[in-house]
Structure formats: structure tokens, C-alpha cells
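I opened this notebook to record what I looked up in the structure, entry by entry. The strands come before the helices.

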Amino acid sequence: MSAALPEYYFRVRENGAVVFKIDTENRQRRIEMDQIAVINIRNGEVKPHGRGTLTEADKTEIARWMDERKALLARRDVDDIHRTIDHLNLTTQWAQSKATDTQLEDITDRLLLAMHDLRTVLVRKKADRLEKG
């Protein structure tokens with residue numbers, strides 16, 4: 001662990017994070033984490049903890065973290081889609097070369113419906129983009 005700790009700690013949760021201010025400047029030199037806020041990344045809401053108020057430095061750091069988090073989640077979304085494309089290719093190879101009739105019977109209808117649903121959405125979105133362009 002590095003000697004200098006950050007001033008803030010963000011405990012990630014499903015829709016955002018709980019924000020703590022880190023304090024090591026006490027007599028015991030213990031790490032104290034004081035909750036200062038809860039943030040919702042989806043709607044941008046920042047709720048100070050209890051009756052506390054956030055300083056401008058707190059607000060600036062929270063806004064910076066939220067921007068970085070949104071960018072990270074967007075990159076992950078695109079990465080997940082690229083992985084899905086790889087999985088579809090691997091699934092095609094599996095179905096062609098290794099799958100048994102029983103295995104294919106188990107997955108075919110669900111996979112075909114999911115692929116049909118995806119194709120429908122992609123075609124509609126592509127048409128919308130072409131109309132705009």
C-alpha cells in the first residue's frame with residue numbers, strides 16, 4: 001500500500017457509489033472513513049449523508065469521479081458487445097462442429113429468438129440512422 005492515501009474513497013454499488021472522506025490525521029494514525037454522500041450515477045443525484053453538507057472540493061471530486069465512472073461503464077458496454085460477437089462466432093463453430101442433437105435441441109429455439117430480436121432492433125436502428133443521414 002502506498003504511503004499517501006487518497007482523500008476520497010468511492011464504494012461502488014449497483015447504481016452509483018457511497019462516498020467516504022479518508023482521514024489519517026488523528027492521534028492513533030488509524031484510517032477513518034467518514035461517509036459524506038451517496039451518489040446515483042444514472043440520474044446524477046448526489047445526497048449528502050445525514051445532515052452534513054458537501055464542500056466545493058467534495059462536489060468537485062464527486063463530479064470528477066462520476067464523469068470517469070460513466071466513461072468506464074461506457075467502455076465496458078462496448079467491450080461486452082465485442083465479446084458477444086466473439087461468443088456468437090464461437091457458438092457457431094460449436095454448433096457446426098461439436099454440438100450433439102440433444103444440445104442443439106436444448107438451445108436452438110431460445111438462441112434463434114434472441115438472435116431474431118437482436119436483428120430486428122439492429123435493422124430498425126440502422127434504418128433510423130440512414131434516414132437521418
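Entry 1, the hairpin. I looked up the link between S1 and S2 and found a hairpin that joins them through two residues. The model is a predicted one. I then listed the pairing: S1 and S2 run antiparallel and are joined by six bridges. Strand S2 covers residues 16-23. For individual partners, I noted that Arg13 stands opposite Gly16 in S2, and that Phe10 has Val19 in S2 as its bridge partner.

Entry 2, the next pair. I followed S2 to S3 and recorded eight bridges between them, again with the strands running antiparallel. Here Val19 stands opposite Ala37 in S3. Val19 thus appears twice in my notes, as the partner of Phe10 and opposite Ala37.

Entry 3, burial of S2. I asked how many residues of S2 are buried. The record I made is six of the eight, so S2 is largely enclosed by the rest of the structure.

Entry 4, the whole sheet. I traced an open sheet of four strands in the order S1-S2-S3-S4, with antiparallel pairing. Its edge strands are S1 (8-13) and S4 (46-48), each of which pairs on one side only. From one strand to the next, the twist averages 30°. I then looked for what packs on the sheet and found helix H1 (residues 56-97), which touches S1, S2, S3 (32-40) and S4. The direction of H1 makes about 45° with that of S1.

Entry 5, a residue of H1. I selected Asp58, which lies in helix H1, and asked whether Asp58 is buried or exposed. Its relative accessibility is 4%, and Asp58 therefore counts as buried, the cut-off being under 20%. Setting aside neighbours within four places in sequence, I listed the contacts of Asp58 as Tyr8, Lys21, Ile36 and Thr53.

Entry 6, the two helices. I examined H1 against helix H2 (residues 101-132): their axes come within 11 Å and cross at roughly 140°. Why is H1 oblique to H2? The crossing angle falls outside the ranges for roughly parallel, perpendicular and antiparallel, the last of which begins over 145 degrees, so H1 is classed as oblique to H2. I noted the crossing of H1 past H2 as left-handed. At the contact, Thr91, Trp94 and Ala95 in H1 meet Gln103, Leu104, Ile107 and Leu111 in H2. By class, I recorded five nonpolar, two polar and no charged residues in this contact.

Terms used: Residues numbered from 1 in each chain as written. Predicted model: local features only at pLDDT ≥ 70, side-chain atom pairs only at ≥ 80, totals over all residues. Heavy atoms only, no water. Pairing = 2+ DSSP bridges. Axes fitted to C-alpha atoms, helices over the stretch in contact; angles between N-to-C directions. Contact = heavy atoms within 4.5 Å. Parallel < 35°, antiparallel > 145°, perpendicular 65-115°, else oblique. Left-handed = near helix turned anticlockwise from the far one by under 90°. Nonpolar A, V, L, I, M, F, W, Y, C, P; charged D, E, K, R; others polar. Buried < 20%, exposed > 50% of the residue type's maximum accessible area, 1.4 Å probe, protein only.
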